[in-house]
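Colleague: I am new to this structure. Please take me through the disulfide closely.

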Amino acid sequence: MNTFAHKVRSSVAVSGTALLLAAAGFGLAPAASADESQPPALAVDTAAPAEVGLAGLPVDFTTKVSNTGTTDTSSARLTYRIDGGAGLPSNAVGLQYRLGGTEWKTVPLTYADGTFSGEMPETFPLAAGESRTVQLRIGVPMGTPHNGDGNGGTQRLKLTTLVSYGASGAATGTDDDTVAVDGLGTGLSGVPATVTAGGPAAGFEATVTNPTASGYENVTDTLITSRYASVQVLRDGTWETLAPVTSDAEADVYGFDVIGKDASLAAHSSTVAEVRVTYREDTPAGKTTVRSCAYVNQGAVPFRGTTFCGDEATLTVLAAGSTGGTPSPTPTASATRTPSATPAPSASSSASAEAPSGTSATASGTSGATTQLAATGSSATPVIAMAAGAFVLSGAGTLGAVALRRRRTRA
């Protein structure tokens with residue numbers, strides 16, 4: 001006030017009107033200051049994907065952040081929470097983002113009590129009245145390439161997006177979405193009811209179906225048979241004899257990789273292999289089985305990885321030289337996605353085949369989309385609660401079989 005008084009005294013004249021205007025100006029200053037102190041009003045809208053594939057590649061989506069207030073922010077922040085339930089292992093979920101350019105960057109996630117959470121490492125400015133869209137992608141990789149998780153699964157993810165600003169991180173807006181989780185379907189079709197030991201081959205088809213929005217890499221579809229079997233697959237018009245796949249950990253299991261090792265499947269696609277199987281002349285007469293299992297990210301040890309198995313198909317092996325009539329196809333399942341719980345196949349017959357690795361989920365012949373649930377150990381006890389729909393198989397232990405009927409069907 002001393003400075004102001006000095007200026008008044010040094011002036012030629014200061015009118016009463018000028019003083020009133022000056023006073024009014026000082027009176028307006030606090031109001032303007034109050035407007036500037038209003039915090040940013042940030043809203044968030046995430047367009048989450050409808051579905052991702054268990055053990056598949058990530059699926060793109062976006063988050064739009066809007067500043068609906070009158071104050072700019074220099075640091076909008078995005079945080080994500082992903083709840084998949086207790087059935088998922090700690091390395092099951094992945095989240096990536098990009099603010100610009102083509103490089104995908106990782107959102108570091110922590111895991112606790114079935115929930116993954118993490119903040120996008122980069123913040124961004126957002127002026128009042130403006131909005132910005134961030135590109136993201138989410139997946140349920142179930143491990144890493146060639147090191148797929150053998151236990152766990154879920155039917156859905158609950159994705160929560162939170163937006164905040166500044167250093168405090170207090171959320172000013174949230175958005176909740178549900179992402180369905182599905183998996184690969186496998187199956188056999190046209191398997192004959194009988195086959196003669198040492199006789200003609202039994203021909204049928206092996207199918208792997210990907211009903212999800214995720215692409216898949218490192219897929220190995222294995223036909224599980226007995227030690228007495230020889231398998232051929234039709235490739236480029238030529239029947240190719242396959243080498244059997246065995247494992248010290250699964251001594252009685254013989255497999256044949258019918259679509260090759262580490263194949264890729266695009267989203268919403270399928271692949272079919274023409275297969276024929278012959279049984280040695282010394283194959284014991286009686287029942288035997290064949291089954292198709294798809295392994296994702298199988299490593300150096302066969303029959304390990306994130307595993308999806310279809311129904312067994314049963315054949316009757318007739319003794320060598322028998323004339324049991326013309327073989328007729330048994331009504332085996334194609335690669336559909338509606339499983340039903342089945343008991344573990346018996347290993348009492350030397351000709352029977354058993355699927356390796358602790359559990360097996362089955363695909364029935366009904367139409368529609370399905371998922372399956374893992375069980376571990378020797379009792380086929382589900383790893384996940386009965387609400388779970390997508391599944392993986394155990395990497396060790398004796399065979400069990402558990403599957404859940406989907407709560408929804410695919411058109």
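Modeller: Here is a close look at the disulfide, with its two cysteines taken in turn. This is a predicted model, where local features need pLDDT of at least 70, side-chain atom pairs count only at pLDDT 80 or more, and totals for chains, interfaces and linings use all residues. Residues are numbered from 1 along each chain as its sequence is written, and side-chain values use heavy atoms, with hydrogens and water left out.

A search of the whole structure finds 1 disulfide (a pair of cysteine sulfur atoms within 2.5 Å). The partners are Cys293 and Cys309, with S to S at 1.9 Å. The torsion about the S-S bond of Cys293 and Cys309 is about 110°, so the disulfide is right-handed.

Where do Cys293 and Cys309 lie? Cys293 sits in strand E25, residues 286-296. Cys309 sits in strand E26, residues 306-309. Strands (E, at least two residues) are DSSP runs, numbered from the N terminus. The pair therefore ties together parts that are 16 residues apart in sequence.

Are Cys293 and Cys309 buried or exposed? Cys293 is buried, and Cys309 is buried too. Buried means under 20% relative accessible area, exposed over 50%, and partly exposed in between, with a 1.4 Å probe and protein chains only.

One residue elsewhere makes a useful link. Glu217, in strand E18 (residues 216-225), is partly exposed, with a relative accessible area of 42%. Leaving aside neighbours within four places in sequence, Glu217 has contacts including Val296 and Asn297; contact means heavy atoms within 4.5 Å. Glu217 and Asn297 are 80 residues apart in sequence, yet 7.6 Å apart in space, C-alpha to C-alpha.

Definitions and conventions: Helices (H or I, at least four residues) and strands (E, at least two) are DSSP runs, numbered from the N terminus.
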